[in-house]
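Please open the structure in a viewer and keep the sequence panel beside it. The tour below proposes one selection after another and describes what is found at each.

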Amino acid sequence: MIKKEFVYKSISENENKMLDDIEMFLDENKISGELKNKFMLCVSEAFTNALVHGNKLDPNKEIIIKYTLSNTTLNADVIDEGHGGIEKVNKRKRPELLSESGRGVGLIKHYSSSFVISENEEGGLQLKIVFEINKERVNCR
Amino acid sequence: MEIKVKNEGQVCEVYLNGRLDLASGTNLKEELKKIFDQDKNMIHLNLNDVEFINSSGLGSLVSIMKEVRLRKGRLTLSNLASYVKEIFEITQLSHIFEIYETQEEALSSYQSVTAN
């Protein structure tokens with residue numbers, strides 16, 4: 001089991017840093033092709049959600065991402081310091097076709113094997129994204 | 001993300017290279033605003049070198065498309081990687097964007113419209 005954790009301040013410039021970090025983690029572990037693209041997309045959506053809706057771009061608040069890689073799954077836990085996020089996610093509606101936002105959770109749902117949304121004790125949102133990888137790895141390499 | 005603009009003919013060609021996300025999407029909208037300010041409303045975006053796109057990047061493209069529509073112009077896209085194309089399909093944005101396989105096809109479609 002391989003584990004890695006990253007902590008980011010909630011500033012928009014860190015989106016790129018986060019993508020560099022995740023790319024490095026996946027490359028180090030020889031995860032490429034579609035699996036890499038899909039996983040990066042899902043984590044990016046969760047990160048943007050945490051950055052904009054959870055922490056509201058407050059640089060004093062942090063976003064933690066924990067990656068876990070086993071023989072069967074590739075997981076990411078994306079945790080913010082916001083409040084009431086789970087209620088907002090549950091209330092979300094399918095975006096209008098011409099909407100400029102609101103597609104992130106739908107993309108995570110589509111691409112991940114499963115995802116779980118929960119609130120931690122401080123009220124921050126924790127989004128757990130799970131990719132089952134054995135079958136994907138065979139198909140994608 | 002690197003944004004190159006070729007603004008010579010009837011259609012303004014914009015070449016994107018890198019990741020299209022929240023920050024670069026904002027930059028792209030600012031670049032396009034400069035083009036709109038020159039009264040150009042025919043825009044072609046070549047996405048050949050877009051290696052990553054997320055919903056924020058898609059949102060910036062929707063915003064650009066809405067601006068083009070307001071200005072009664074046209075926006076075309078081409079050279080989407082298969083995984084980018086798939087994201088357009090999943091989000092159903094493929095129904096509202098004019099997407100071409102190649103830039104040549106996209107640009108010649110403007111000539112056909114003008115000829116008609």
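A residue is called buried if 20 or more other C-beta atoms lie within 10 Å of its own, exposed if 12 or fewer, and partly exposed in between. The model shown here is a predicted one.

**Leu57(A)**

Select Leu57(A), in the loop between helix 2 and strand 2 (62-69) of chain A. Is this residue buried or exposed, or partly exposed? Leu57(A) has 13 C-beta neighbours inside 10 Å, and therefore counts as partly exposed. Its backbone also deserves attention: the phi of Leu57(A) is positive, about 55°, although the residue is not a glycine. Most residues other than glycine have a negative phi.

**Chain A as a whole**

Now select the whole of chain A, which contains 5 helices and 5 strands. Followed along the sequence, these elements give the pattern β-α-α-β-β-α-α-β-β-α. The radius of gyration of chain A is 15 Å, close to the 14 Å that the globule rule gives for 141 residues, so chain A is as compact as a globular protein of that length. Taken along the principal axes, the C-alpha atoms of chain A fill a box of roughly 40 × 35 × 25 Å. Of the 141 residues in chain A, 38% are buried. Among contacts in chain A between residues at least 6 apart in sequence, 67% join residues at least 24 apart.

**The largest nonpolar core**

Next, select Cys42(A), Val43(A), Ala46(A), Phe47(A) and Val78(A); these have the most contacts inside the largest nonpolar core, which has 62 residues. Helix 2 (residues 33-54) of chain A gives the most to this core, with 10 residues. Centre the view on Val43(A). Which residues does Val43(A) touch, not counting those up to four places away in sequence? They are Ile22(A), Ile65(A), Ala76(A), Val78(A) and Ile129(A).

**Strand 5 of chain A and its partners**

Ile129(A) leads to the next selection, strand 5 (residues 125-132) of chain A. Its covered face consists of Leu125(A), Leu127(A), Ile129(A) and Phe131(A), and its uncovered face of Gln126(A), Lys128(A), Val130(A) and Glu132(A). In a regular strand the side chains alternate between the two faces of the sheet.

Add strand 3 (residues 73-79) of chain A, which pairs with strand 5 of chain A in the antiparallel sense over 7 bridges. Val78(A) stands opposite Leu127(A) here. Then add strand 4 (residues 114-119) of chain A, joined to strand 5 of chain A by 6 bridges and also running antiparallel to it. In this pairing Glu119(A) stands opposite Leu125(A). Strand 4 and strand 5 of chain A form a hairpin with 5 residues between them. In the turn, Gly123(A) has a positive phi of about 95°.

**The sheet of chain B**

Turn to chain B and display its open sheet of 5 strands, which has the order 1-2-3-4-5 and mixed pairing. Which strands are at the edges? They are strand 1 (2-6) and strand 5 (98-100) of chain B, each of which pairs on one side only. From one strand to the next, the twist averages 25°.

Within this sheet, select strand 2 (residues 12-20) and strand 3 (residues 42-53) of chain B, which pair in the parallel sense over 8 bridges. Gly18(B) stands opposite Val50(B) in strand 3 of chain B.

Then select Asn79(B), in the loop between strand 4 (74-78) and helix 3 of chain B. Asn79(B) is not a glycine, yet has a positive phi of about 60°. With 21 other C-beta atoms within 10 Å, Asn79(B) is buried.

**Where the chains meet**

Finally, display both chains together: the contact takes 18 residues from chain B and 20 residues from chain A. On the side of chain B, helix 1 (22-36), helix 2 (55-70) and helix 3 (82-90) are the elements that give two or more residues. Helix 2 of chain B contributes the largest share, 7 residues. By class, this side of chain B has 8 nonpolar, 7 polar and 3 charged residues.

End at Asp21(B), in the loop between strand 2 and helix 1 of chain B. Asp21(B) is buried, with 25 other C-beta atoms within 10 Å. Leaving aside neighbours within four places in sequence, Asp21(B) is in contact with Glu15(A) and Ser44(A) of chain A, and with Asn54(B), Ser56(B) and Gly57(B) of chain B.

Terms used
Residues are numbered from 1 along each chain as its sequence is written. Chains are lettered from A and ligands numbered from 1 in the order in which they are written. This is a predicted model: local features need pLDDT of at least 70, side-chain atom pairs count only at pLDDT 80 or more; totals for chains, interfaces and linings use all residues. A nonpolar core is a set of buried Ala, Val, Leu, Ile, Met, Phe, Trp, Tyr and Cys residues joined through C-beta atoms within 7 Å. Helices (H or I, at least four residues) and strands (E, at least two) are DSSP runs, numbered from the N terminus. Two residues are in contact if their C-beta atoms, placed from the backbone, lie within 7 Å. Two strands pair if DSSP finds at least two bridges between them. Axes are lines fitted to C-alpha atoms, for helices over the stretch in contact, and angles run from 0 to 180 degrees between N-to-C directions. Ala, Val, Leu, Ile, Met, Phe, Trp, Tyr, Cys and Pro count as nonpolar, Asp, Glu, Lys and Arg as charged, and the others, Gly among them, as polar. The radius of gyration is taken over C-alpha atoms; the globule rule is 2.2 Å times the number of residues to the power 0.38.
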